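Reader: Please take a close look at a single part of this model, one of its pockets, and describe with care what lines it. I would also welcome a few words on residues elsewhere in the chain.

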Amino acid sequence: MRDFLAVYLHFLRTRHGYSCARVGRAVNAARQTVSHWESGLRRPDEKQAESLDELYGTGELVSMLLFYARSAHEPDWFKAHVELEAKADVIESYECSIVPGLLQTEDYARTVFTLGGESDVERAVRVRMRRQDALTRPDPPRLWVLLEQEVIERVVGGPEVMRVQLGRLIEFSLLSRVVLRIVPRSTGYHLGLRGSFKVLTVGRERLAYTEAAAGGRLTADPGEVARMAERFDLIGADALSREASRDLLRRAQESLT
């Protein structure tokens, strides 16, 4: 349905002889965003779909297609989120179970993929390490990370693997464009325990990616993204300071020596 929506939007625009810029002005979207709708990389929100129906005289057809495109699970959501992550300006990541992929060491990632039943572990590790290139590019993103205390205390791959992984987290926490904070166990229940998620800012767009056991979900719906961003802020309100988080990381690392 997502593919059909993308093809149909391209069909409507070209049939009317409109440029992407012309459509963008009519529905309050950037020219590049309109192009992304037609390539399937993005989808319009509900208000934009209504404006497209009005622009093209299609009744409620675009809105209906958008509804069905959102209703089904899409296996390419994870891939799309990784592509967006590579060019994001800001990444806000909350993790309640394991170290985020962007910050994993090779051995930590290898353990995760091995125990997760990955068919080609070494290939998966190489792909994950390439994702980290986003943090060393000329214009790296501003990275905000919130980790549950259990994440840094759960020994993945054995004491030595975990000790090195904690060292990596400490190194990243010292970078000027990285803010890494720990949510202490004493916080008790909070909204983050519903599941890990990520909010990405790419140019003028903001998207949210939520983790799930059978595959994540990527959304650009403004309402949903705003709710996830608010959830991130609320979780962060209970997190330790940057320095206190580093102290906790160091103590956890020392306990494995």
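Author: Helices, of at least four residues, and strands, of at least two, are DSSP runs numbered from the N terminus. The model is predicted, and the part to examine here is the second largest pocket, which holds about 420 Å³ of space. A total of 21 residues line the second largest pocket, and the closest to its centre are Thr 33, Gln 48, Arg 204, Glu 205 and Arg 206. Three elements, namely helix H3 (31–39), strand E5 (205–210) and helix H11 (222–237), each supply at least two residues of this lining, and H3 gives the most, with four residues. By residue class, the lining of the second largest pocket is made up of eight nonpolar, six polar and seven charged residues.

Turning from the pocket to other residues, two cysteines can be set side by side: Cys 20 counts as buried because its relative accessibility of 13% is under 20%, whereas Cys 96, at 22% relative accessibility, counts as partly exposed because this value lies between 20% and 50%. The structure holds zero disulfides.

A further residue, Glu 60, sits in the loop between helix H4 (46–56) and helix H5 (61–71). With a relative accessibility of 66%, which is over 50%, Glu 60 therefore counts as exposed. Between the C-alpha atoms of Glu 60 and Ala 237 there is a separation of 42 Å, and these two residues are 177 residues apart along the chain.

Notes: Residues are numbered from 1 along each chain as its sequence is written. This is a predicted model: local features need pLDDT of at least 70, side-chain atom pairs count only at pLDDT 80 or more; totals for chains, interfaces and linings use all residues. Side-chain values use heavy atoms; hydrogens and water are left out. On a 1 Å grid over the protein atoms alone, a cavity is a set of points where a 1.4 Å probe fits but cannot get out, and a pocket is an open set with protein on both sides within 12 Å along at least five of seven lines; lining residues have an atom within 4 Å of a point. Grid points are joined across faces, edges and corners, and a volume is the space filled by probe spheres set on the points. Ala, Val, Leu, Ile, Met, Phe, Trp, Tyr, Cys and Pro count as nonpolar, Asp, Glu, Lys and Arg as charged, and the others, Gly among them, as polar. A disulfide is a pair of cysteine sulfur atoms within 2.5 Å. Buried means under 20% relative accessible area, exposed over 50%, partly exposed in between (1.4 Å probe, protein chains only).
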